[in-house]
Each structure stands twice: as structure tokens, then as C-alpha cells.
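Here are my notes on this one, point by point. Have the model open while you read, and click along as the residues come up.

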Amino acid sequence: KVAGRWVGRGPSAVGFRPDPASGFIPASDYTLDVKAGWPDADGVTLAQGTTVKFTTIKPALTTVEPYNGAGGVLIDRPVVVHFNMPMDHSTQANFRINEQGGGAAVPGVFEWSADSTVMTFTANSLLSFSTGYDAAFVQQVQTAQGNLSELAGGPQVNTWSVTTTDATSVSSHSPDSSSGPVPPTTGFGFT
């Protein structure tokens, strides 16, 4: 049973507004039975009843940073996940980032936005250079209000891959050892 109120929507229509504090629970099935004999605003009774079934939306990822397929990702960059609804923080236990090919999960810490719609993961140590990583939610997630649910779109849609930047290296510099002695005011450059 959902708390709320019925509201008129014109001379021949009625709607239901759930209580904002509780509302409909995400990722849930609902059945509405309208019984014959229900009176409208003018007292005319409904001649025939009906049953309506619907499902509320599942939690979903709206954006991820870095995005799927990103290359040159800095080795200290956090992973930021945006959800379409507030999530229970226990959801973080089902998030994994690991080296491609099935390496161990990267350990790290999580932070959440005040409205619980943005989760930020920061690795405990730097990621490896020139390495592919996969990120995903490996099990169902928990909405702030509601049931455990698979993310909308399923596992394939909610897995993304990134590649970290190459290590910085010096390929040439000037002056070099073949330059001989140089004046103390000479600048130094490298590429």
C-alpha cells in the first residue's frame, strides 16, 4: 500500500499522487485495482472496474568519469559514478575496478555526494601506467529507498573500460654531453 492522495484531473479523469516522503519504491512492481461502483466527483459510479500493473524505474548510471573507452587517463584520477536516483551507500561494496584480464580488485576509498546520487572511488595507490582497467558493478545495487535491483541495462551496459596514460620519459635534451662545456647562463630543455 502506498500513501498518497487521489486528485481530479478534469471532468472525467482522476490521478494518484504518492506522498513525497515515501512515494513509489524504485524497481518495484505495483498493481492498482479500481473497483466498479467507485464514484466520480459528481457522484456517478464507475460501471466497470479495471486493474492496472506497472513497474517503477530501475536505478541506472547516468554518467561515469572517466568515460568508457577513455585513454590517457591519469594514474591518480578518481572514478566518479552518477546515478539517476539516491543510492544506499552499501552499493559501493559491489563496485570493482581491476586490470583487464581479471586482475585483483583495486583497493580504495569511497565518497558520496550529499544527495547520494554521486559515488567517487579513489584508489589507495597509483594505478599502473599504460594499463587497461575494467570498472563495473558486479552484483545488484541498493537504492536509498527500496529493493536490491540490477542496474538498468544489465551488466554489459554497466561495465566500462579505460586505459591509463603512458609513463613520462625524456627522449632528448639540450645541452647534452656532446655539447662540451656550456656557459653558466645556458638554458636547459627536454622533450
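1. Strands here are DSSP runs of E, at least two residues long, numbered from the N terminus. With that naming, P66 sits in the loop between β5 and β6. This is a predicted model, by the way. The peptide bond joining E65 and P66 is cis, with omega at about -5 degrees. I'd look at that bond before anything else in this loop.

2. Now the core. The largest nonpolar core has 24 residues, and those with the most contacts inside it are L61, V81, F83, F95, I97, F137 and W160. Strands β5 (61-65), β6 (70-73), β7 (79-83), β8 (95-99), β10, β11 and β14 (159-164) each supply at least two residues of this core. As background, nonpolar side chains in soluble globular proteins tend to be buried together.

3. F137 is a good place to stand if you want to look around the core. Not counting residues up to four places away in sequence, F137 touches L61, V81, F83, F95 and W160, among others. Its contact list also takes in M119 and L151, plus T91, N94 and N158.

4. Which residues does V106 meet, once neighbours within four places in sequence are left aside? They are I97, N98, F121, A123, L127 and Y133. V106 itself is in the loop between β8 and β9 (108-112). For the Y133 pairing, the two residues are 27 apart along the chain, and their C-alpha atoms are separated by 9.6 Å.

5. On to the loop between β9 and β10, where T117 is found. T117 has 16% relative accessibility, so it counts as buried. Its side chain makes a polar contact of 2.7 Å with the side chain of D115. Beyond the residues up to four places away in sequence, T117 touches V81, H82, F83, M85 and P86. Two of those names should ring a bell: V81 and F83 are also among the core residues with the most contacts.

6. S113 belongs to that loop between β9 and β10 too. S113 is partly exposed because its relative accessibility is 24%, whereas T117 is buried. From S113 to P86, 27 residues apart along the chain, the C-alpha separation is 9.5 Å.

7. The loop between β10 (118-123) and β11 (132-137) holds T131. Is T131 buried or exposed? Its relative accessibility is 14%, so T131 counts as buried. The T131 side chain reaches the backbone oxygen of F129 at 2.7 Å. Leaving aside neighbours within four places in sequence, T131 is in contact with E99, V162, T163 and T164.

8. Next door in sequence, S130 is in the loop between β10 and β11 as well. S130 has a positive phi, near 50 degrees, in a residue other than glycine. With 44% relative accessibility, S130 counts as partly exposed, unlike T131, which is buried. Sequence neighbours within four places aside, S130 is in contact with T163, T164, T165, D166 and A167. T163 and T164 turn up in the contacts of T131 as well.

9. For a sense of scale, try S130 against V14. They are 116 residues apart in sequence and 60 Å apart in space, C-alpha to C-alpha. V14 is also one of the residues that make a nonpolar surface patch of about 560 Å², together with W6, L32, W38, L46, V52 and F54. F54 lies in strand β4 (residues 50-55), and at 33% relative accessibility F54 counts as partly exposed.

10. Another backbone item for your list: A27, in the loop between β2 (14-18) and β3 (29-34). A27 is not a glycine, yet its phi is positive, at about 55 degrees.

11. Last, F188. It is placed in the loop between β15 (173-174) and β16 (189-190). Why does F188 count as exposed? Its relative accessibility is 58%, and exposed means over 50%. F188 and S174 are 14 residues apart along the chain, with 5.8 Å between their C-alpha atoms.

How values were computed. Residues numbered from 1 in each chain as written. Predicted model: local features only at pLDDT ≥ 70, side-chain atom pairs only at ≥ 80, totals over all residues. Heavy atoms only, no water. Helix = DSSP H or I, 4+ residues; strand = E, 2+ residues; numbered from the N terminus. Buried < 20%, exposed > 50% of the residue type's maximum accessible area, 1.4 Å probe, protein only. Polar contact = N/O pair within 3.5 Å; in protein donor to acceptor, adjacent residues only side chain to side chain. Contact = heavy atoms within 4.5 Å. Patch = residues over 30% accessible without salt bridge, like charges linked within 9 Å, V, L, I, M, F, W, Y side chains within 5 Å. Areas by Shrake-Rupley, 256 points an atom, 1.4 Å probe, with all protein chains shown as cover. Salt bridge = Lys/Arg side-chain N within 4 Å of Asp/Glu carboxyl O. Core = buried A, V, L, I, M, F, W, Y, C linked by side-chain atoms within 4.5 Å.
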